[in-house]
Amino acid sequence: MTRNTSQSLQMARDYVARPDLLKNRVVLVTGAGQGLGRMAATAFAKHGATVVLTGRSLAKLEAIYDALTSLGAPEPAMLPLDLAKADDATFHGFAQSLHATFGRLDGIFHSAAHFEPLAPLAVQTLDQWLALLRVNLAAPHALTRACLPMLKRADDASVVLVGETHGAEPKAYWGGFAVAKSGLHTLTAIWSQELAQTPVRINCLIPGPVATPQRGQSHPGESVNSLPAVESLAPACLYLMGPDSHAVRGKVLDIAAKDAS
Ligand SMILES: NC(=O)c1ccc[n+]([C@@H]2O[C@H](COP(=O)([O-])OP(=O)(O)OC[C@H]3O[C@@H](n4cnc5c(N)ncnc54)[C@H](OP(=O)(O)O)[C@@H]3O)[C@@H](O)[C@H]2O)c1
């Protein structure tokens, strides 16, 4: 695994996607109901993808479904799924319904995240840790695994895991959340080696701070107006999801990193 190879990081930051970048592609987005997931799903749909929207809240999925259809984007699909409760059979059934509806899958953008209030390790319980590890690390693995046969059949398939700065630079009080996010880097490296001879590439995007509901939870005193809009990440999301990043494999791209080497 390499972090921040300067060329791919610069490409991700500055990327200008052509309008039909994701035409005829089917892309699954977790956490699509709000924040980064909603923005990425919208960007993918605006660039021609048929987006499969997943999250816990059906109401939020319906809201983005309506927004995408009113834009004239390809008709999306909604498949609610609670990543904290899903087991292998659930993920397998989820992948089967996706296959039955579309017959293909060209990408997954794993944006869903479970967050617990910042606290010292000394007070973080086993149940809190298991929830953090399950949603933020084990579920992206299990969902990717369940969808792998479809991804392998694509000409060019991209899986994007969404990391977090404290997964690379651990800090006090970020506890199980940071540990789960750091595990995504290892997961990226191992999947990449194992998928080297396939059309499936997997990378990890570390977004840096942007204005979303989760940021309000982790930094309650911060003014949302002081942060970049979540839309500032659209170029990186499109670059990693589309064919122009076909040679980018096993990378951890820290978008907000000052040093791009
Ligand atoms: N915002 C930032 O500044 C920032 C910085 C660095 C990294 N990130 C990363 O970017 C990603 C997106 O963050 P965000 O700020 O957009 O978060 P967010 O606004 O809190 O959205 C999180 C999403 O995850 C979904 N989710 C949570 N628990 C779930 C579960 N058990 N099953 C299924 N879905 C679940 C939520 O769905 P429901 O609403 O339907 O429950 C929601 O759509 C995360 O991986 C986060 O760690 C964000």
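These numbered points describe a predicted model of one protein chain, from its overall form down to two individual residues.

1. Overall form. The protein chain has 261 residues and a radius of gyration of 17 Å, which agrees with the value near 18 Å that a compact globule of this length would have. Along its principal axes, the C-alpha trace spans about 50 × 40 × 40 Å.

2. Secondary structure and contacts. Nine helices and eight strands make up the secondary structure of the protein chain. When contacts with a separation of 6 or more are considered, 77% of them in the protein chain are between residues 24 or more positions apart.

3. Burial and surface. Of the 261 residues of the protein chain, 53% count as buried. The area that the protein chain exposes comes to about 11700 Å², and carbon and sulfur atoms supply 55% of that area.

4. Charges. The protein chain carries 22 positive and 21 negative charges, and the mean positions of these two sets are 2 Å apart.

5. Helix 9. This helix covers residues 234–241 and is mostly covered, with seven of its eight residues buried. The buried residues are Ala234, Ala236, Cys237, Leu238, Tyr239, Leu240 and Met241.

6. Asp156. This residue is placed in the loop between helix 5 (126–153) and strand 6 (157–162). Asp156 counts as buried because its relative accessibility is 11%, and the cut-off for burial is under 20%. The side chain of Asp156 is joined to the side chain of Arg201 by a polar contact of 2.6 Å. If residues up to four places away in sequence are not counted, Asp156 touches Arg25, Asp106, Pro199, Arg201, Gly242, Pro243 and His246; Arg201 is thus named both among these contacts and as the partner in the polar contact.

7. Ser226. The loop between helix 8 (213–218) and helix 9 is the place of Ser226. In contrast to Asp156, which is buried, Ser226 counts as exposed because its relative accessibility is 52%, and the cut-off for exposure is over 50%. The side chain of Ser226 reaches the backbone oxygen of Ser223 at 2.6 Å. Ser226 and Ala211 are 15 residues apart in sequence, while in space their C-alpha atoms are 8.5 Å apart.

How values were computed. Residues numbered from 1 in each chain as written. Predicted model: local features only at pLDDT ≥ 70, side-chain atom pairs only at ≥ 80, totals over all residues. Heavy atoms only, no water. Helix = DSSP H or I, 4+ residues; strand = E, 2+ residues; numbered from the N terminus. Rg over C-alpha atoms; globule rule 2.2 N^0.38 Å. Buried < 20%, exposed > 50% of the residue type's maximum accessible area, 1.4 Å probe, protein only. Contact = heavy atoms within 4.5 Å. Areas by Shrake-Rupley, 256 points an atom, 1.4 Å probe, with all protein chains shown as cover. Lys, Arg positive; Asp, Glu negative; His and termini not counted. Charge placed at Lys NZ, Arg CZ, Asp CG, Glu CD. Polar contact = N/O pair within 3.5 Å; in protein donor to acceptor, adjacent residues only side chain to side chain.
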